[in-house]
Amino acid sequence: MLDRTIPTPQELIARAEALVPFLREQAASNKAARRITAETIARVKDAGLFRVIQPSRYGGYEMSPEVFGEIITTLGRGDASMGFVFGVVAVHSFHMAFYDDQAAQDVWGEDSSVLVGSPYAPNGKAVKVDGGYRVSGRWSFSSGCDNCDWNFLGGMIEGDEGPILQRLHAFLIPRADAKIVDTWHVTGLQGSGSKDIVVEDAFVPEYRVQRFPIFDASAHPGTKLNNAPLFRAPFMPLFVRSVSSAALGALEGMIEHFSGYTANRLNVLSERVARDPRVQEALGQARAEVEEMKSTMRRDLARMDEIGREGQLISMDEMTLLMLKSANVPHRAEKAALTLMRAAGANGIRNDHPLAGIYNDILVIGQHASNTPATQAISLGKMMLGVQD
């Protein structure tokens with residue numbers, strides 16, 4: 001472990017809270033740049049936030065999933081793009097714990113603040129060669145890629161047979177072996193910079209290739225060294241929380257902006273908008289949605305922590321339920337945000353107000369492939385009914 005002071009969970013969350021005003025100031029710059037600016041990333045790094053669930057032997061804090069969730073939502077209150085990128089990138093530091101120690105040394109041996117991107121979509125083709133694989137492919141939606149020096153990229157190995165989830169692997173590839181293609185021209189979450197990654201015939205050594213998704217931590221070499229309870233917490237439910245929770249923070253931020261904007265506003269008849277029962281109802285319901293979703297998030301993340309501490313293998317039924325509740329978050333947040341947009345009236349669509357931009361950010365978060373509730377709901381329903389394909 002590095003010789004340095006590790007903050008308490010409360011201190012780390014307080015650092016995230018202290019960044020909210022700065023992130024609100026930077027949100028327009030991130031949006032215009034269509035990426036998280038270097039200045040913004042530097043401030044989040046300096047606060048130590050990316051280390052929250054990073055292995056301690058590589059400079060991380062190994063804090064609980066609950067702390068991770070609180071930081072995502074807090075940053076999302078400041079800027080949804082930063083909250084989303086943080087969730088995605090920080091969960092990759094958690095994923096690194098499952099890789100061979102040599103892979104971690106490749107990434108963090110000289111600088112433990114290096115960030116790792118993705119995506120895991122099975123778009124790569126790998127050919128077995130002496131000592132590893134030759135990998136090629138193109139992947140869309142690599143959030144935060146401009147800020148990352150490495151990527152986890154999903155793919156299949158030529159000659160493997162069977163169901164896709166048994167053939168999918170994650171290949172850890174350096175930025176030097178990849179090219180970013182700027183395709184990120186979108187209606188919301190512009191600052192996430194979720195561009196394409198292209199790899200052409202890159203060599204990836206055997207020790208930087210692992211099966212994915214992760215269901216049993218003990219089957220991966222890194223957990224022999226990174227053996228804290230954190231790394232026995234279920235990977236997939238934590239991952240889905242990492243890509244959905246910024247929407248919850250964004251809705252909190254929207255409520256704050258709406259309240260400040262509406263408090264003293266007059267309508268065309270010079271009447272106080274704040275006295276309109278429809279406006280009051282929209283705001284009250286949005287607050288209730290946030291409180292309910294946040295309570296569920298905290299409870300579910302605590303459950304993931306409990307599973308890790310007890311060294312359990314999560315059942316498929318419970319895993320699917322946890323993932324479904326996470327995937328629901330952006331869609332519930334979007335409905336509440338749309339109600340606030342309606343209640344804000346015509347002025348809510350102006351670019352000099354943040355309401356429409358936040359609504360679009362939440363909408364785009366819900367478009368992430370993992371935030372598709374129907375997939376998880378159908379799977380869970382089948383299990384509950386004993387239906388087999």
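**Exercise 1. Place threonine 223 in this predicted model and decide: buried or exposed?**

Step 1. Find the segment. Threonine 223 sits in the loop that runs between strand E8 (209-211) and helix H7 (235-262).

Step 2. Check the accessible area. The relative value for threonine 223 is 14%. Buried means under 20%. Threonine 223 is therefore buried.

Step 3. List the contacts. Leave out neighbours within four places in sequence; threonine 223 then touches Ala97, Phe98, Ala217, Ser218 and Phe231.

**Exercise 2. Classify the ring pair of tyrosine 133 and phenylalanine 171.**

Step 1. Know what to look for. Two aromatic rings are described by the distance of their centres and the angle of their planes.

Step 2. Read the values. The centres of tyrosine 133 and phenylalanine 171 are 6.0 Å apart, and the planes meet at 80 degrees.

Step 3. Apply the cut-off. Planes over 60 degrees apart count as edge-to-face, so this pair is edge-to-face.

Step 4. Locate the partners. Tyrosine 133 belongs to strand E3 and phenylalanine 171 to strand E5 (residues 168-174). They are 38 residues apart, so the pair links distant parts of the chain.

Step 5. Add the surroundings. Tyrosine 133 is buried at 7% relative accessible area. Phenylalanine 171 is buried at 1%. The charged end of lysine 128 sits over the ring of tyrosine 133, 5.2 Å from its centre.

**Exercise 3. Describe the pair of phenylalanine 212 and phenylalanine 235.**

Step 1. Take the geometry. The two rings are 5.5 Å apart, centre to centre, with 90 degrees between the planes: edge-to-face.

Step 2. Trace the chain. Phenylalanine 212 is in the loop between E8 and H7, while phenylalanine 235 is in helix H7, so the pair ties together parts 23 residues apart in sequence.

Step 3. Check burial. Phenylalanine 212 is buried at 5%, and phenylalanine 235 is buried at 2%.

Step 4. Widen the view. Both rings belong to one aromatic cluster, whose members also include Phe94, Phe98, Tyr120 and Phe231.

**Exercise 4. Which classes of residue line the largest pocket, and which line the second largest?**

Step 1. Start with the largest pocket. Its volume is about 1,100 Å³. It has 39 lining residues; the closest to its centre are Met236, Phe239, His368, Ala369 and Ser370.

Step 2. Sort that lining. It has 25 nonpolar, 14 polar and no charged residues.

Step 3. Turn to the second largest pocket. Its volume is about 510 Å³. Its 29 lining residues include Ala27, Pro354 and Asp361.

Step 4. Sort this lining too. It divides into 7 nonpolar, 15 polar and 7 charged residues.

How values were computed:
Residues numbered from 1 in each chain as written. Predicted model: local features only at pLDDT ≥ 70, side-chain atom pairs only at ≥ 80, totals over all residues. Heavy atoms only, no water. Helix = DSSP H or I, 4+ residues; strand = E, 2+ residues; numbered from the N terminus. Buried < 20%, exposed > 50% of the residue type's maximum accessible area, 1.4 Å probe, protein only. Contact = heavy atoms within 4.5 Å. 1 Å grid on protein atoms, 1.4 Å probe; cavity = no way out; pocket = protein on both sides within 12 Å on 5 of 7 lines; lining within 4 Å. Points joined across faces, edges and corners; volume = space filled by probe spheres on them. Nonpolar A, V, L, I, M, F, W, Y, C, P; charged D, E, K, R; others polar. Phe/Tyr/Trp six-rings, centres within 6.5 Å; stacked < 30°, edge-to-face > 60°. Lys NZ or Arg CZ within 6 Å of the ring centre and 35° of its normal.
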